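Me: I should like a close look at a single part of this protein, set in the context of the whole model. Please take one helix and its surroundings, and explain how its residues are placed.

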Amino acid sequence: GLLTNMTASEVQRGSSTGPAHTLMARGAQPTASTDAAAVASDTVQRRSLRRAKVLPEHARAHNRSLVLQTLFHDGAMSRADLSRETGLTRVTISDLVAELIGDGLVAELGVREASGPGKPAMVVDLDRAGHRILGMDLSGPDTFLGAILTLDGDIVARHEIAAPRGAEDARDAVIELARHLVADAHAPVLGIGVGSPGVVDNDGVVLSAPGLGWTQLPLRSILEDALGLPVLVANDANAAVLAEYTFGGARDDVVLVKVGRGVGSGLVSAGQPMRGAHFAAGEIGHVTVGTDGGPQCACGKVGCLEAWLSVPALTARMADAETPADREQQLRDAGERLGIALAPIVGALDVSEIVLSGPDELLAGPLAEATVETIRTRTLARFHDGVRVRMTAQGQDIVLRGAAVMVLSGQLGVS
């Protein structure tokens, strides 16, 4: 059947005990005996990693993921093509493809015209039209967003619902939105991915989301009980960086900074998402930047990054600025503070790319320029001068598409 037995903790850690492994370099899977970091250190050779050796008891799940991964990234091909691409024998490929067709995940598309002697080859691909993924973005200030997506991350329908203020009302609104999505899917649903504000643990429990009034809310199990479908829940910025990694062409070492009502970030290092000891990796909003004071933050501290950079804070300062030059200086100041916060991360993790997600009119231009200048002056020039700072091309759909990656990764071992 579908690879639905993986727990959320296995999905989010890329554990080697579940049937499908997640978000290594695209195509690379850890073996039962290898540490993810050891495999990830060779992520540059993505193709060769598809041939990594695995223990016999994990071989079938690994090879199954390998076939799905190859079709996901390279598109329709014959069984012989699959054999060449994956390094698996023709017999193994034939067996796996038959199983995947039986499970409804792969479909035969028809015969390809023969280009030489021999009989024409039957072409197979993921059954991209036959399944849907549901994604939810709970990070907006006023609305919860939902989308029905294809396996390629394309949004085919959208739903939204007002985000109520009370904790219980907010929870009930999420369940209602999920039910709308399921009713409108019109195809088998592979799973539901949810990007939530706050700190989310590996079991899909929202440990803390002050904006929604949630503490220790077991959102994953609540939705699974209500809908009877596999559910994955992650912090919204952690979901967003997965979208950038799988659909946005990001490199294997990337930080995505998501600027909205607050400021958060998601990190992928050596092709592996970083969660942190307390599931709070990337929580940079309340890191204080500089020792020269700064704006008062809602958390009670002075000079938090969020107080400089959140959309409400930036918008208010822009409104108070009297001239275009003043407005540009406000943006540069905020960009400099972001650079101060990110320079240690770049230095410690050797990150090659910073992606910004949020309103273009605030983040693109002077703010992004000041960020990259600050990072460069505060890190080791010889190694870190090549750091890029860019806007995401995914726009406001980035969390929804990241939620889809969570499901692809957890259910199919594809990233």
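Reply: Of the 415 residues in the protein, 55% are buried. The model is a predicted one, and its secondary structure amounts to 16 helices and 16 strands. When contacts between residues at least 6 apart in sequence are considered, 61% of them join residues at least 24 apart. The protein exposes about 17000 Å², of which carbon and sulfur atoms supply 52%.

Confidence should be considered before any detail. The average pLDDT of the protein is 84, and 86% of the residues score at least 70. Over residues 1-51, however, the pLDDT is below 50, although this stretch has 141 contacts in the model beyond near neighbours in sequence. Among the elements, helix H1 (residues 8-13) has the lowest mean pLDDT, 34, whereas helix H8 (residues 219-227) has the highest, 97.

The part chosen for the close look is helix H11, which spans residues 311-320. Which residues of H11 are buried? They are Ala 313, Leu 314, Arg 317 and Met 318. An α-helix has 3.6 residues a turn, so residues three or four places apart point the same way. The buried residues of H11 cover an arc of only 130° around the axis, and therefore they lie on the same side of the helix. Ala 319 and Asp 320, on the other side of H11, are exposed.

What covers the buried residues of H11? The cover includes four helices: H10 (305-309), H12 (324-349), H13 (360-363) and H14 (366-377).

Two of these covering helices, H12 and H14, also pack against one another. Two packed helices are described by the angle between their axes and the distance between the axes. For H12 and H14, the axes come within 7 Å and cross at roughly 40°; the crossing is right-handed. On the H12 side, the contact is made by residues including Glu 328, Leu 331, Ala 334, Gly 335, Leu 338, Gly 339, Ile 340, Leu 342, Ala 343 and Val 346. On the H14 side, the residues in contact include Pro 366, Leu 367, Ala 370, Thr 371, Thr 374 and Ile 375.

The surroundings of this pair can be followed into the adjoining loops. Arg 378 lies in the loop between H14 and helix H15 (381-384). With residues up to four places away in sequence not counted, Arg 378 touches Ile 340 and Ala 343, both of which also belong to the contact that H12 makes with H14. The C-alpha atoms of Arg 378 and Ile 340 are separated by 7.7 Å, and the two residues are 38 apart along the chain. Arg 378 has a relative accessibility of 49% and therefore counts as partly exposed.

The loop between H12 and strand S15 (353-357) holds Asp 350. Although Asp 350 is not a glycine, its phi is positive, at about 55°. Its relative accessible area is 48%, so Asp 350 is partly exposed. A second such residue is His 186, also not a glycine, with a positive phi of about 55°. His 186 is found in the loop between helix H7 (167-183) and strand S7 (189-196), and it counts as exposed because its relative accessibility is 70%.

For comparison with H11, another helix pairing occurs earlier in the sequence. Helices H5 (residues 79-86) and H6 (residues 90-102) pack at an angle of about 115°, with their axes 9 Å apart, and their crossing is right-handed. The contact is made by Arg 79, Ala 80, Leu 82, Ser 83 and Thr 86 of H5 together with Arg 90, Ile 93, Val 97 and Ile 101 of H6. Val 67, in helix H4 (residues 56-74), is in contact with Leu 82, Leu 88, Ile 93, Leu 96 and Leu 100, its neighbours within four places in sequence being left aside. Val 67 is buried, because its relative accessible area is 0%. Between Val 67 and Leu 88, 21 residues apart in sequence, the C-alpha to C-alpha separation is 9.3 Å.

A buried acidic residue completes the account: Asp 236, in helix H9 (residues 236-246), has a relative accessible area of 9% and is therefore buried. Leaving aside neighbours within four places in sequence, Asp 236 is in contact with Ser 139, Gly 195, Ser 196, Pro 197, Gly 198, Lys 258 and Val 399.

Terms used:
Residues are numbered from 1 along each chain as its sequence is written. This is a predicted model: local features need pLDDT of at least 70, side-chain atom pairs count only at pLDDT 80 or more; totals for chains, interfaces and linings use all residues. Side-chain values use heavy atoms; hydrogens and water are left out. pLDDT is the predictor's confidence in each residue, from 0 to 100. Helices (H or I, at least four residues) and strands (E, at least two) are DSSP runs, numbered from the N terminus. Contact means heavy atoms within 4.5 Å. Buried means under 20% relative accessible area, exposed over 50%, partly exposed in between (1.4 Å probe, protein chains only). Accessible areas come from the Shrake-Rupley method with a 1.4 Å probe; for residues, only the protein chains shown count as cover. The arc is that of the directions from the helix axis to the C-beta atoms. Axes are lines fitted to C-alpha atoms, for helices over the stretch in contact, and angles run from 0 to 180 degrees between N-to-C directions. A crossing is left-handed if the near helix is turned anticlockwise from the far one by less than a right angle, and right-handed if clockwise.
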